[in-house]
Amino acid sequence: MPGIFLSYRNIERSYAPMLVDRELSRRFGPENVFQAGRSNLPAVHFPTEIDRRVDECDLLIALIDRPWVGEDLRLLREPGDWVRREIARALGQGKRVLPVLLDGAEMPRTADLPADIAPLTRRIALRMRPRTVDTDLLRLIGEVERLVPELVLVTLMDPAPPKNVGGPALLRAEHQVLPFRHRGELDLLAEWCSAPAGPPVKLVVGVLGAGKTRLGLRLAAQVRGSGRPGGLLSVSAPAECLDRLGEIGSPCLVVLDDAEARPVQVRAALRSLAAAPEAPARLLLLARSGGGWLDDLRDDADDAVADLVDGIVPLSLAPLRPAEKDFARACGAFARRLGLPLPSLPSDRPETPTLLELQAAALTHVLSPDTPLDRPLRRILGLERAYWRKAGTAFGLPVSSDRVLAEVMATVTLFGADSEPEADGLLTSLRAFRGGPVHAVDSCRDLLRTVLPGPAPLNPLQPEQLAQEFVAELLDSDYRLADFLDGVSDEQVRRALRNLGRCLERHPRISGPVEDFLAAAPGRLLPLAMTVLPSVPRPQLLVSAMSGALGRTSQDELPSVVDALPLRSDALARFAVDATERVLGERDADAGDCATARLARRLSVRLTYLGERPSDAVEAARSAVRALTALTVSESAHGESVAAGSGSVDTELAEAHAALALALDLVPSSGDEAVAVGETAVAQYRALPGRDRYGAALATALHNQSIRLRRVRAMPAALAAATEACRLVEPLHVERPTRFRSLYADVLDNLSIVTHLTGHPEEAEWLGRETLALRRALAAARPDAYRSQLAGTLFNLGLLLTESEQKGAEVRQLWDESLSIYDALSVRRPGHYDEPRDRVRVHLDRRKADHDD
């Protein structure tokens, strides 16, 4: 265990030892700071204890006041002097020693000190004076964190859960009431932790109740058992403390639970590890899924972070299912923990789909043996309400009805609070306390800290499944979340929306109240909801509620909603079309201004992305082109530059032509026009000043144009466009592989086909195999987004190999894999993949028939 040893001469003559001890203990925990006047216990053998503490510490802080360098120098010449002995022992073992000069004291001369502590004078010292003591203490804490970053890790971890909890809190994973059920993933992770090299980050994903937290706790316990630091990162850990994670010089493990809901902490930890690729620290992320939140990290502005995340392959956990004797084991474990007699087991064991619900049934049976065991989470909730009523009366709440307590618990669970002002703002906005005495809010706060303990000023009801049951039940009534909007911050709103999104997965019936909440202030809430979608494993229900709220949004608030839309989001694709169309509907599509033209172009792109209403997509892009062309003519005639907001009118016009060409691609009869418009887009991108800024856009336009030329059998032109696109993208991919891998794969895929069609089969095969490697990497990192593209590349590579008789078996293998992927995708989106799936099946059947013949 890392620690600090405070060395000083006389505690009674200076404020410093006690003040430094207090501040360092507050920051790093009193168990990690040794100050003899506080830490030594009666009957301890003083010399032995001092030597032991110096031997175990990582940093000795020598507090040097004026007498230390004056009349006390004679004491230092005594071989048995304790200050000399402490410092000499630390220096002799190569410990870090930090001198702190107090009240204007100066460092003694080397010649004035005995030889065994003379090296102290070569250490750079800090200073501490009464008038600047606050600033000096902050500087001291910063130096301690720099010198012993392991101490930062210790303070970031969640403390051990209290032993005296009861009721539903015992269902939380960290209480580990039931023995851990071994699973193979633990062995894999333990091997990763102990390996001297390898990726510093692992991601474990699994649905609610899959056992992710228990797995992380078990792994951390094994790491600690081997003498290394390890544990769950506290939700209240400051992100800036994680900046030192990469500086920790010894192996350690940080487990970050609910990673999808903690992007600031995750990004800080990743940034620190990315900056120190040889660091021995290991970061284990636990999340419901590896969806949009992970994509955001792959697109991080820090290339090192993006590359680190790009190498993460999620490890999926299957849900834990109850075994035959688990109910009896759980009843016994809960009875022992609560100190209650074990009731006789019911003749009919409860049928529960998950291990957590079985534990809830067992806890219900132990607490209330006569209670029916149907819907165990609801039964536990009833017991919890009874506990709240008793506690509310004990804490002197003026009103302790079920309704008031339910409102309090639901609001706190949904919104939470990261600071005391946030907590006060939320509690005072509750209907039960509006206009009431101040002591009522104080009593409520004391009650919440007792019944819902945790690191934050206000903590949610746990476990999460129980909280969701409770919130859903309350929202079935006339409970209005919108009543609290004036008293909560945007971060609290994000937390509430994230919790509601997760709750919808188990309780879709609350979609109406969620829609009402969003519709109460859509200009504020819908953009915030967009930011939490990546942390919601199944966001469709939340998006549906957002769409309902969008239909109730006033025209004044719609522009702020559209401006907040991400450039691309599968979950928000239809929502983005609806929102953009509504804003554009209030404008004259041919008004001729840049803002309207940009809206029209975005609508076209979003319709094309959906693959729906091609004529509307074409018309929207045409209106953008007309408006921007007119502005360009006007600009040229008057010699003035017309601002376009995010870029020049020329840039907007190039993008509008590119959007029009893509929309025309959806119209089979518009092939020639699509080629002509695509050529115009390419020419306009080429003409833009600072062409390097638009390299990716030009490459994309060339790639799309090559596909169009291939369709009309203009093969030399198609090859030229594909080759130039590849030449532009390749250095971008080398420089930033995470950001440009998908585009590079697209370009190579098309180039392989065009190369084959122009009579270069060997080169085409090489390009096809390179494409397949990229597609596999993309699909492994993000299967929901890239598996369909992988299936297409597998089919294309098979086509490239069909002319070789020796590779017939490989062709069938490639097409079998492609078909299996399309079959799996069709289950999730019926009808969407019928055309490519049927094409693969026809070729595969024909291949098998030819082989059989």
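Biologist: Which strands and helix are included in what covers the buried residues of H3?

Modeller: Happy to start there, with the reminder that this is a predicted model. Helix H3 runs over residues 46–56, and its buried residues are Glu49, Ile50, Asp51 and Val54. The cover over these buried residues includes strand E1 (4–7), strand E2 (33–34) and helix H5 (82–92).

Biologist: Thanks! Stepping back to the whole chain, what percentage of its residues count as buried?

Modeller: The chain has 36 helices and 10 strands, and its C-alpha trace spans about 95 × 75 × 70 Å along the principal axes. Among contacts with a separation of 6 or more, residues 24 or more positions apart account for 72%. Of the 853 residues, the share that counts as buried is 52%.

Biologist: Which residues have the most contacts inside the largest nonpolar core?

Modeller: As a background point, nonpolar side chains in soluble globular proteins tend to be buried together. Here the largest nonpolar core has 124 residues. The residues with the most contacts inside that core are Leu518, Met546 and Phe575.

Biologist: Let's stay with Phe575; which residues is Phe575 in contact with, leaving aside neighbours within four places in sequence?

Modeller: Phe575 belongs to the trio with the most contacts inside the largest core, together with Leu518 and Met546. Met546 also appears on the contact list of Phe575. In full, the partners of Phe575 are Leu526, Met530, Val543, Met546, Ser547, Leu550, Val561 and Leu565.

Biologist: How many residues are in the second, separate core?

Modeller: This core is separate from the one just described, and its members include Leu233, Cys252, Ala281 and Leu294. Its residue count is 35.

Biologist: Now for charged pairs: how many residues apart in sequence are the parts that Asp665 and Arg711 tie together?

Modeller: The side chains of Asp665 and Arg711 meet in a salt bridge, at 3.8 Å from N to O. Asp665 lies in helix H28 (residues 649–665) and Arg711 in helix H30 (residues 695–711). Asp665 is partly exposed at 24% relative accessible area, while Arg711 counts as exposed at 54%. The pair therefore ties together parts whose separation in sequence is 46 residues.

Biologist: And Glu724 with Arg727: is Glu724 buried or exposed?

Modeller: Glu724 and Arg727 form a salt bridge at 3.8 Å, N to O. They sit three residues apart in helix H31 (residues 715–735), so about one helical turn separates them. Arg727 is exposed, with a relative accessible area of 52%. Glu724 has 14% relative accessibility, and the cut-off for burial is under 20%, so Glu724 counts as buried.

Biologist: What is the N to O distance in the salt bridge of Glu23 and Arg22?

Modeller: In this pair, Glu23 counts as buried at 14% relative accessibility, and Arg22 counts as partly exposed at 45%. Their side chains meet at an N to O distance of 3.0 Å.

Biologist: Which residues are linked with Asp823 in a network of salt bridges?

Modeller: The count of salt bridges comes to 53. In the network that holds Asp823, the other linked residues are Asp834, Arg837, Asp838 and Arg841.

Biologist: Which residues line the largest cavity?

Modeller: The search of the whole structure finds three cavities of 30 Å³ or more, and about 40 Å³ of space lies in the largest. Its lining divides into three nonpolar, three polar and two charged residues. They are Leu208, Gly209, Thr354, Leu356, Glu357, Leu377, Gln465 and Arg506.

Biologist: How far apart in space are Gly206 and Gly290, C-alpha to C-alpha?

Modeller: Gly206 is found in the loop between strand E6 (201–205) and helix H9 (212–225), and is buried with a relative accessible area of 5%. Beyond its neighbours up to four places away, Gly206 touches Lys212, Ala287, Arg288 and Leu317. Gly206 and Gly290 are 84 residues apart in sequence, and their C-alpha atoms are separated by 9.4 Å.

Biologist: One last one: phi of Asp258 is near what value?

Modeller: Most residues other than glycine have a negative phi. Asp258 lies in the loop between strand E8 (252–256) and helix H10 (263–275), and counts as partly exposed at 30% relative accessibility. Its phi is positive, near 50°.

How values were computed: Residues are numbered from 1 along each chain as its sequence is written. This is a predicted model: local features need pLDDT of at least 70, side-chain atom pairs count only at pLDDT 80 or more; totals for chains, interfaces and linings use all residues. Side-chain values use heavy atoms; hydrogens and water are left out. On a 1 Å grid over the protein atoms alone, a cavity is a set of points where a 1.4 Å probe fits but cannot get out, and a pocket is an open set with protein on both sides within 12 Å along at least five of seven lines; lining residues have an atom within 4 Å of a point. Grid points are joined across faces, edges and corners, and a volume is the space filled by probe spheres set on the points. Ala, Val, Leu, Ile, Met, Phe, Trp, Tyr, Cys and Pro count as nonpolar, Asp, Glu, Lys and Arg as charged, and the others, Gly among them, as polar. A salt bridge is a side-chain nitrogen of Lys or Arg within 4 Å of a carboxyl oxygen of Asp or Glu. Buried means under 20% relative accessible area, exposed over 50%, partly exposed in between (1.4 Å probe, protein chains only). Helices (H or I, at least four residues) and strands (E, at least two) are DSSP runs, numbered from the N terminus. Contact means heavy atoms within 4.5 Å. A nonpolar core is a set of buried Ala, Val, Leu, Ile, Met, Phe, Trp, Tyr and Cys residues joined through side-chain atoms within 4.5 Å.
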